[in-house]
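Open the model in your viewer and keep the sequence panel beside it. This tour goes stop by stop, saying what to select and what is there.

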Amino acid sequence: NLLSLRDRMGLSDVIAFNPPQLPWGRPSLYLRDMYNAFDVYLTTTITEGFGLPVVEARACGTPVVVNGCSSVSELAVGPGGYAADYLADMWVNTCTKVYIPDVKGIIAQLEAAHRDWEERRLDARSIRASVERFALDEVYDEYWRPLLVDVPPRINYEDAGAALGPK
């Protein structure tokens, strides 16, 4: 249990965990304020889909350290992004591949992020700019709009059935 380990080590003042969901009744800016309070956002996920929290943290100007697996390593490209190599990968079932984090590599990336921040090689504006390509309008214009050009505006199912011939 990471929460109890953090507390036993006396690190509750420096290590924060994301809540599994936003608490009810909190303002919508709660997530932004949380990311802005971090010196660095760390995720050691072993498998990931898109990795939205990585983009959210970077959009707030917060450096990120990630396990270098799946999409999160791509999301960490650019200023303020640090991806540690993973030790190994394995299939846990027929469709899920997991990546075992390299703890020493993650520590090295945390130290690099700290060093870059102390030496003023990072600034929130450049970190934010590195994820602007994920803005809704950008994604729609670059990926969805060209795809939707080839989709017919409406399918006439009656005509489609007639083309198949009699039942």
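## Stop 1: the largest pocket

Begin with the largest pocket, which has a volume of about 960 Å³. Its lining has 25 residues; select Val-14, Ile-15, Ala-16, Val-40 and Leu-42, the closest of them to the pocket centre. Remember as you go that this is a predicted model.

Now colour by element. Helix 1 (2-8), strand 1 (41-43) and helix 5 (103-118) each supply at least two residues of this lining. Which element gives the most? Helix 5 does, with four residues.

Next, colour the lining by residue type. You should find 17 nonpolar residues, five polar and three charged.

## Stop 2: the whole chain

Zoom out and switch to cartoon. The chain has eight helices and five strands. Trace the elements from the N terminus, and the order reads α-α-β-α-β-α-β-β-β-α-α-α-α.

Turn on the surface. The accessible surface of the chain comes to about 12000 Å². Carbon and sulfur atoms account for 58% of that area. Of the 167 residues in the chain, 25% count as buried.

How much of the contact map is long-range? Take the contacts in the chain with a separation of 6 or more: residues 24 or more positions apart account for 40% of them.

## Stop 3: Leu-110 in helix 5

Go back to helix 5 and pick Leu-110, which is found there. Is Leu-110 buried or exposed, or in between? The residue is partly exposed, because its relative accessible area is 27%, and the buried class ends at 20%.

Show what surrounds this side chain. Setting aside residues up to four places away in sequence, Leu-110 touches Val-40, Leu-42 and Val-65. Two of these names, Val-40 and Leu-42, are familiar from the pocket centre.

Then draw a distance from Leu-110 to Tyr-82. The two are 28 residues apart in sequence, and their C-alpha atoms are 7.9 Å apart in space.

## Stop 4: Arg-120, past helix 5

Move on to Arg-120, in the loop between helix 5 and helix 6 (124-129). Check its backbone angles. Arg-120 has a positive phi of about 60 degrees, although it is not a glycine. This residue counts as exposed, at 69% relative accessibility.

## Stop 5: the salt bridges

Side chains of opposite charge can pair when their charged atoms come close. The count for this model comes to five salt bridges. Three of the pairs are picked out below.

- **Asp-33 and Arg-32.** Their side chains meet in a salt bridge, 2.7 Å from N to O. Asp-33 is partly exposed at 42% relative accessibility. Arg-32 is partly exposed as well, at 38%.
- **Asp-116 and Arg-121.** Their closest N and O atoms are 2.7 Å apart. Asp-116 is buried, with a relative accessible area of 17%.
- **Asp-141 and Arg-145.** The closest N and O atoms of this salt bridge are 3.0 Å apart. Both residues sit in helix 7 (residues 136-149); they are four residues apart, so about one helical turn separates them. Asp-141 is partly exposed, with a relative accessible area of 42%. Arg-145 is also partly exposed, at 44%.

Before leaving, select Asp-116, Glu-119 and Arg-121 together. Salt bridges that share partners join these three into one network.

## Stop 6: Ser-71 in helix 4

Select Ser-71, which has its place in helix 4 (residues 70-75). Ser-71 counts as buried because its relative accessible area is 17%, and buried means under 20%.

Which residues is Ser-71 in contact with, leaving aside neighbours within four places in sequence? They are Glu-48, Gly-49, Phe-50 and Gly-51.

## Stop 7: Leu-52 in helix 3

Finish at Leu-52, in helix 3 (residues 52-59). Leu-52 is partly exposed, with a relative accessible area of 46%.

For the last distance, select Leu-52 and Phe-134. In sequence they are 82 residues apart. In space, the distance from C-alpha to C-alpha is 9.9 Å.

Conventions: Residues numbered from 1 in each chain as written. Predicted model: local features only at pLDDT ≥ 70, side-chain atom pairs only at ≥ 80, totals over all residues. Heavy atoms only, no water. 1 Å grid on protein atoms, 1.4 Å probe; cavity = no way out; pocket = protein on both sides within 12 Å on 5 of 7 lines; lining within 4 Å. Points joined across faces, edges and corners; volume = space filled by probe spheres on them. Nonpolar A, V, L, I, M, F, W, Y, C, P; charged D, E, K, R; others polar. Buried < 20%, exposed > 50% of the residue type's maximum accessible area, 1.4 Å probe, protein only. Contact = heavy atoms within 4.5 Å. Areas by Shrake-Rupley, 256 points an atom, 1.4 Å probe, with all protein chains shown as cover. Salt bridge = Lys/Arg side-chain N within 4 Å of Asp/Glu carboxyl O.
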